[in-house]
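Let's take a walk through a protein model together. Keep the structure open beside the text and follow each stop as we come to it.

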Amino acid sequence: MPTRALRTAASGMYAQQLNIEIISNNIANMNTTGFKKNKAEFQDLMYQDVNVQPVSSQTPGIYDSATNKIQVGNGVQTSSTSKLFKQGDVTPTNNPLDVAIQGEGFFQIRKPDGSFVYTRDGSFKINSEGQIVTTNGYVLDPELTLDQDALSVAIGRDGTVEVHQVGGESFVIGSIELVRFMNPGGLDALGENLYAETEASGNPILGTPGTDGFGEVMQGYLEASNVDIVEEMISMISAQRAYEINSKTVKTVEEMMTMTNNLKRG
């Protein structure tokens, strides 16, 4: 029985260690554009039936209590981490190529191998070929290309991209489309502010900003991380206390085992 208590306490310490790692990642990304916080989810481990009074029914005068059992759990495990896609604050940057999504949706990005990934980070740039790309050089899809005569870019809330050229001419070069998923929590986080679709997320649904439940795009703004530093600090203190209590359980069990060993000497 003492060894079960030790394993149970150890599972609690390990779960809280993972919890602290997730919280520290949230805090580290509190200034990352479009970052969505993670949350650890726990579940209890299997239970064992234990006799409350494990005595033999063969002993004369002793009541058979073999059926008097209780369930004792074996600890806890981290079942999963979930992404919370709550809207982050939209902050002005005055950069015409910064675009924030106010509401639901992701930008669709095409990688060099032709695969598609998705992001809420709208800090776009222009590459040497005039294409609108992410900070890492991945192309925004549908592709939008500016020529060398472009003076400025105007992006409407519906995603329409209009270019003003030398000579005063203006024309629309295309539109930004958004993508949403039935279960965005099932997306696979790839790092670099990118996500990939999975079987759990469902297939991507393309749409126009501001219609059919899609959010609007806002030029000159970026979406900040949705990490609340006060909430994370409280979660960290709670996890630290839980780790401490589990470590005290280990110490208590060790003291009980020592007392049991000393019974013979006494």
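Start at Thr160, whose bridge partner in β14 is Ser175. That bridge belongs to a pairing of two strands: β13, residues 160–165, runs antiparallel to β14, residues 170–175, and five bridges join them. Between the two strands of this hairpin lie four residues, and Gly167 takes a positive phi near 100 degrees. Please keep in mind along the way that this is a predicted model.

While we are looking at backbone angles, let's visit some other places. Asn94 is not a glycine, yet its phi is positive, near 65 degrees. You will find Asn94 in the loop between β5 and β6, the latter being residues 99–102. Is Asn94 buried or exposed? Asn94 has a relative accessible area of 73%, so it counts as exposed. Glu192 is another residue with a positive phi, about 55 degrees, although it is not a glycine. Glu192 sits in the loop between β16 (188–191) and β17 (194–196). A further backbone feature is the peptide bond from Asp141 to Pro142, which is cis, with omega near 0 degrees. Pro142 lies in the loop between β11, residues 139–141, and β12, residues 150–155.

Now for the helices. How well does the length of α1 agree with what its residue count leads us to expect? At 1.5 Å a residue, the 27 residues of α1 should span 39 Å, and the C-alpha atoms at its ends are indeed 39 Å apart, so the two values agree. Several residues of α1 are buried, among them Arg4, Ala9, Met13, Asn19, Ile22 and Ile23. Ala28, also in helix α1, is exposed because its relative accessible area, 62%, is over the 50% cut-off. The C-alpha atoms of Ala28 and Val227 are separated by 9.7 Å, with their positions 199 residues apart along the chain. Something similar can be seen with Thr249, which belongs to helix α2. Thr249 and Thr8 are 241 residues apart in sequence, while their C-alpha atoms are 9.2 Å apart in space. The relative accessibility of Thr249 is 32%, so this residue counts as partly exposed.

Helices α1 and α2 also meet us at the next stop, the largest pocket. Residues 2–28 make up α1, 38–44 make up β1 and 229–265 make up α2, and each of these elements supplies at least two residues of the pocket lining. Among the lining residues are Asn19, Ile22, Lys37, Phe42, Glu231 and Ser235. What kinds of residue line this pocket? The lining divides into four nonpolar, four polar and four charged residues. The volume of the pocket is about 150 Å³.

How can we find empty space in a protein at all? Rolling a probe the size of a water molecule over the atoms shows where such space is left. Besides the pocket, the structure holds one cavity of 30 Å³ or more. The largest cavity contains about 30 Å³ of space. Its lining has nine nonpolar residues, no polar residues and no charged ones. Leu97, Val99, Phe124, Ile132, Leu140, Leu144, Ile155, Val161 and Ile176 make up that lining. Val161 takes us back to our starting hairpin, since residues 160–165 form strand β13.

Our last stop is a group of aromatic rings. Counting rings whose centres lie within 6.5 Å as pairs, the total comes to six aromatic pairs. Let's look at the pair of Phe85 and Phe106: their ring centres are 5.6 Å apart and their planes stand at 80 degrees, over the 60 needed, so the pair is edge-to-face. This pair links distant parts of the chain, 21 residues apart: Phe85 is in the loop between β4 (76–83) and β5 (90–92), while Phe106 is in strand β7, residues 106–110. Phe85 has a relative accessibility of 24%, so it counts as partly exposed, whereas Phe106, at 4%, counts as buried. Which residues join these two in one aromatic cluster? Tyr118, Phe181 and Tyr195 form the cluster together with Phe85 and Phe106.

Key
Residues are numbered from 1 along each chain as its sequence is written. This is a predicted model: local features need pLDDT of at least 70, side-chain atom pairs count only at pLDDT 80 or more; totals for chains, interfaces and linings use all residues. Side-chain values use heavy atoms; hydrogens and water are left out. Two strands pair if DSSP finds at least two bridges between them. On a 1 Å grid over the protein atoms alone, a cavity is a set of points where a 1.4 Å probe fits but cannot get out, and a pocket is an open set with protein on both sides within 12 Å along at least five of seven lines; lining residues have an atom within 4 Å of a point. Grid points are joined across faces, edges and corners, and a volume is the space filled by probe spheres set on the points. Ala, Val, Leu, Ile, Met, Phe, Trp, Tyr, Cys and Pro count as nonpolar, Asp, Glu, Lys and Arg as charged, and the others, Gly among them, as polar. The expected span of a helix is 1.5 Å times one less than its number of residues. Buried means under 20% relative accessible area, exposed over 50%, partly exposed in between (1.4 Å probe, protein chains only). Rings of Phe, Tyr and Trp (its six-membered ring) pair if their centres lie within 6.5 Å; planes under 30 degrees apart count as stacked, over 60 as edge-to-face and the rest as tilted.
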